[in-house]
Amino acid sequence: MMELIAQNMAPIIFTSLVIFLLLGYPVAFSLAANGLIFFAIGVWLAPYSSGTITLDWPLLYTMPQRLWGVMSNETLLAIPFFTFMGIVLERSGMAEDLLDTVGQLFGPIRGGLAFAVVLVGALLAATTGVVAASVIAMGLISLPIMLRYGYDRKVATGVITASGTLAQIIPPSLVLIVLADQLGKSVGDMYRGALYPALILAGVYMGYVAMIAIFRPHMVPALPLEARTLGGGVTSLLVALAVAVGIGYLSHYWFYEAWGANADVLGATLGIAAIYAFALADRVLKLNLLSRLASQVIMVLIPPLALVFLVLGTIFIGLATPTEGGAMGAVGAMAMAAAKGRFQMPLLNQALVSTLRLSSFVMFVLIGARVFSLTFYGVNGHIWVEHLLTGVPGGQYGFLLVVNIIIFILGFFIDFFEIAFILIPLIAPVADKMGIDLIWLGVIIGMNLQTSFLTPPFGFALFYLRSVAAKVPYLDRITGKNIAEIKTSEIYKGAIPFIGLQVLMICAVVAFPQLVMHYKGPMVDPSTVEIKVPMLNTLNPGGAPSLGAPSLGVPQLGAPVINP
Amino acid sequence: MHAALGLSRLIDGVTTVIGKSVIWLIFAAILISAINAVTRKLWSLSSNSWLEAQWYLFGAAFMLGAAYTLKENEHIRIDIFYGSRSRRVQHWIDLFGHVVFLLPFVTLMAWMLWPYWIDAFRSGQVSTNAGGLLIWPARAILFAGFALLVLQAVSEIIKKIAIMRDLIPDSNPFISPAEQAAQGVQDITDGAEVRK
């Protein structure tokens, strides 16, 4: 009997962990206690285990060193930096300005407000990275306008919640930082890998809205012209845009001499800066060369774009580490809030307190997970998990399918931090052994976790929209029409098509790994290529892993397979 | 019970003051990181001590803020079962968790971390990175964080018993994620008023 228990410690510990966690006591401490209790039991049972339990008391004294490891983790420094940046931006009114202006720009076309919501959602995702911020702003500003002009309620709520969750997958999202850390990969690579799938997902949302606009136009009507308080003036915006592109393009040649590959980025920066300076001068000197619409669009859109460049641009061209990017973004966010006269002591205090609370609970979940893993690995739990997962038929596809279904279901009930800290360390080594690229796996999991923000009844994006959408019928103040309340069921149903699109996108990333694999870049050290290329021709007939890139029988456009 | 509640108030007071002060360490870490990034690129001015200072500061913030976070009931739970129980059952779960999960864990860690920082202090150990910082202050913070958690756990147990015996009001009740969302909206709209 003792032997039976001792040799099955891993499943016993895992089951009791599930029970401990479900009890509802804070995750960090339940995890740690589970680890410690079973550490003691494990030491006691070790003699009966015929070698499967490798726990002894001296091992427990490695705990301080493990805690030290958590504390000195420089990757996770990015968490407070990006959190702080997001909260400052969320309270700075940037989202409101963007929604107002972009809504005005696109409003007069069919589905325009929905397009504006997706666009602004993507832009907010790339700056604030906070789901709450986007959904709340859209629920307060765009939703009433959509309802006023007769948008279908499910389309309106669905597009808002889905666009809000983009913050989870578009860099610099916290999910990607934590995933990169747990997978042992660089955050920069994770950002690079996630960029295209995330942008494509935003594009897919726009495509979906476009389809509705074409085939069900009554669901997404255009705004009447009198709703355009900024007036027309698209022409002058287009002219301004053309000038900016021209300046950028010409200066690109000039920069190319000195800066080489980074010239296009610098050129774009100069073009944008020039047009912003012009709009600013136009407004201050009252020249009125630009229409009000054009001037407003430029003034509102460029600061967040500059911030995106400051953070993501510097990370992507290798000027800054993700942590530094986060810190500069935080300073940039403070500057933006200050420029709007909204950076005051209460805001700073509030933002720092929220950042501290989030950091503290996240880091303690990690500490708890480290205590748990000491015991779990000590009873060979990782080998048990590996047997379970490699036993799945279908090789890489089977593995990915099972892992994704598990994470999708868990995502209904538990937060992504727990999934990342508890499950990812168990899954990652198995995936690595199967030849699955870990960044690719991380992006797939990130996409999947994003879905959990949207799935009823526990999706956070849905909660946020619920708490800002009208709960009782109200009289619209512009049209004087009576508008019915938003039912919770409408929010749930609205999310469903977008969950479908997200699942499709997960499948697309699985089917086309090159969407992610380009992070390795086209530059491959020639020496390694020369060694590997003969292997590609002779030993790689059926799509076995080559150069560490998972080839699943599809052409590896972005993967570093280079013909000499 | 009266004396115990007094002790609990004292502990809460200490952890709150510390929790509300350490937020500035995060602010300092942000500024140091940003400045360091700029000087590193522009003038190649940087040193490991500045890099290490960032995680020292952040480490101090989240370790010393953990007790405050516990007091504010902000450590994350999986509430699928918990959230649907009566408040009475929730109290029992909390009390059980405080006594069986939390207190033994944090006590053991504090006990193990004491020699860990003392050793570093006595030997004057310095980080192996060139120009690195002294190691003991960070280890002392690690110990202090867990020591504060031990105190806070004691305070939470006292308060929980008092609440269950109706001696004090239930100050930080569990709120569901939906209510949390509403709370978040409140915070942001409050922020909107602040900035006017």
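User: How many residue pairs are in polar contact across the interface of chain B and chain A?
Analyst: The model is predicted, with local features needing pLDDT of at least 70 and side-chain atom pairs pLDDT 80 or more, while totals for chains, interfaces and linings use all residues. Residues count from 1 along each chain, chains are lettered from A and ligands numbered from 1 as written, and side-chain values use heavy atoms without hydrogens or water. For polar contact (N or O atoms within 3.5 Å; within protein, one able to donate a hydrogen and the other to accept it, sequence neighbours counting only through side-chain atoms of both), the number of pairs, both at pLDDT 80 or more, is eleven.

User: Which helix supplies the largest share of the side of chain B that touches chain A?
Analyst: Helix 1 (2–43), helix 2, helix 3, helix 4, helix 5 (136–164) and helix 6 (177–194) of chain B each give this side at least two residues; helices are DSSP runs of H or I, at least four residues, numbered from the N terminus. The largest share amounts to 16 residues and belongs to helix 1 of chain B.

User: How many salt bridges are there between chain B and chain A?
Analyst: A salt bridge places a side-chain nitrogen of Lys or Arg within 4 Å of a carboxyl oxygen of Asp or Glu, and the structure holds 16 over all chains. Glu324(A) and Arg40(B) form one such pair, at 2.6 Å from N to O. The count between chain B and chain A is three.

User: Are Glu72(B) and Arg357(A) buried or exposed?
Analyst: These residues form a salt bridge, with their closest N and O atoms 3.1 Å apart. The pair crosses between chains, from the loop between helix 2 (48–71) and helix 3 (79–82) of chain B to helix 17 (residues 345–378) of chain A. With a 1.4 Å probe and protein chains only, buried is under 20% relative accessible area, exposed over 50%, and partly exposed in between; both residues are buried.

User: What is the relative accessible area of Lys433(A)?
Analyst: Lys433(A) meets Glu386(A) in a salt bridge of 3.0 Å, N to O. The pair links helix 20 (residues 416–433) to helix 18 (residues 381–390) of chain A, the two residues being 47 residues apart. Glu386(A) counts as partly exposed because its relative accessibility is 22%. Lys433(A) is exposed, because its relative accessible area is 62%.

User: How many residues apart in sequence are the parts tied together by Arg77(B) and Asp94(B)?
Analyst: The side chains of Arg77(B) and Asp94(B) form a salt bridge at 3.1 Å, N to O. Both residues are buried. Arg77(B) lies in the loop between helix 2 and helix 3 of chain B and Asp94(B) in helix 4 (residues 87–123), so the parts tied together are apart by 17 residues.
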